[in-house]
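Dear colleague,

I am handing over the structure below, and my notes on what was found in it follow directly after.

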Amino acid sequence: MVVAQEIAEINARVAAESQFVEVLKSEIAKAVVGQTRTVERLLIGLLCGGHVLLEGVPGLAKTLLVKTLASAIQASFRRLQFTPDLLPADLIGTMIYQQERGTFTVKKGPIFANVVLADEINRSPAKVQSALLEAMQERQVTIGDATYPLPDPFLVLATQNPIEQEGTYPLPEAQVDRFMLKVKVDYPSKEQERAILDHVAGREPPRILPVVTLDQVLKARTAVNAIYMDEKIKNYIVDLVFATRMPAEYGVPAEGLVDYGASPRCTIYLAQAARALAFLRHRGHVIPDDVKTIGPDVLRHRLILSYEAEAEEKTPEDIIGLLFDNVEVP
């Protein structure tokens with residue numbers, strides 16, 4: 001009885017505080033046709049404070065989407081084009097000597113923004129990736145001897161190209177794991193592409209209005225954290241993650257296909273993302289379908305497949321499909 005009353009109260013709170021979601025989606029749709037699934041994943045990252053890695057071929061409006069989101073939530077936005085000659089100082093900033101004063105002053109880099117688009121992140125060398133790693137994980141950067149906090153909210157939305165791998169530096173597992181979600185951006189449907197043609201050809205780019213404030217986003221995060229998750233759902237999430245490490249114990253026919261399963265960080269992110277998805281659906285409680293819907297985006301970059309899996313041409317998506325088909329749903 002207490003739980004039912006508690007859920008009713010959370011439902012009412014979420015219904016009130018999630019009203020801005022449809023307004024925000026509508027504003028983004030002024031500039032970006034389709035990509036509903038990708039927009040939803042970016043909003044989940046925003047609501048959870050989790051970074052998002054977008055993978056897709058050029059020309060799918062990834063950059064436009066991120067820029068539009070930043071404009072619609074009244075956030076400071078910086079775009080960084082990652083290249084092989086990029087230096088850590090180009091990202092985080094550096095100390096500059098003021099000759100007339102005989103002192104050093106700090107020049108902060110473009111990382112000091114609410115939304116940072118790291119375009120083609122896999123084209124940057126290891127030192128730059130390490131500098132970004134501290135920013136993503138610690139929400140701070142070190143310049144000289146001093147440490148500087150980053151703005152709140154702080155969100156890294158990175159893109160990488162699945163083709164054209166020449167001249168790229170594969171992201172180390174430690175950095176990939178810092179991304180809450182890895183989203184595969186697909187081609188639009190035929191109808192959507194026709195709508196894109198009508199929407200863009202010969203027209204001025206639409207003016208995106210700031211329809212949501214950063215205070216609303218931060219307040220919404222508190223509501224997301226309060227969303228009710230039943231013990232059975234929590235156990236289901238833990239079972240899914242453990243099944244990536246010990247598939248045979250859960251009846252998943254993936255023995256020998258996964259060298260390294262998902263980490264505890266995956267368990268935390270999967271629970272957070274499921275709560276955020278419930279919030280986007282204007283619900284105050286998580287259902288198994290929330291976990292199934294967002295699960296592939298949380299899991300796909302955390303499974304390190306074996307040579308045997310590669311020989312059988314298995315992909316992380318194949319293993320994830322086996323997980324959801326065989327792990328018992330509450």
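Val141 has Tyr148 of strand E7 as its bridge partner. This is a predicted model, in which local features need pLDDT of at least 70 and side-chain atom pairs count only at pLDDT 80 or more, while totals for chains, interfaces and linings use all residues. Residues are numbered from 1 along each chain as its sequence is written, and side-chain values use heavy atoms, with hydrogens and water left out.

Strands E6 (residues 140-143) and E7 (residues 146-149) run antiparallel and are joined by 4 bridges; strands are DSSP runs of E with at least two residues, helices runs of H or I with at least four, numbered from the N terminus, and two strands pair if DSSP finds at least two bridges between them. Within E6, Val141 and Ile143 point to one face and are buried, whereas Gln140 and Thr142 point to the other and are not (buried means under 20% relative accessible area, with a 1.4 Å probe and protein chains only). The hairpin leaves 2 residues between the strands, and Gly144 takes a positive phi near 65° there.

The largest nonpolar core (buried Ala, Val, Leu, Ile, Met, Phe, Trp, Tyr and Cys residues joined through side-chain atoms within 4.5 Å) has 78 residues, of which Leu24, Ile44, Ile73, Phe279 and Val291 touch the most other members. Helix H11 (residues 264-280) supplies the largest share of this core, 11 residues.

No disulfide (a pair of cysteine sulfur atoms within 2.5 Å) turns up in a search of the whole structure. The sulfur of Cys48 lies 13 Å from the closest cysteine sulfur, in Cys266, which is too far for a bond.

Best regards

Methods. Buried < 20%, exposed > 50% of the residue type's maximum accessible area, 1.4 Å probe, protein only.
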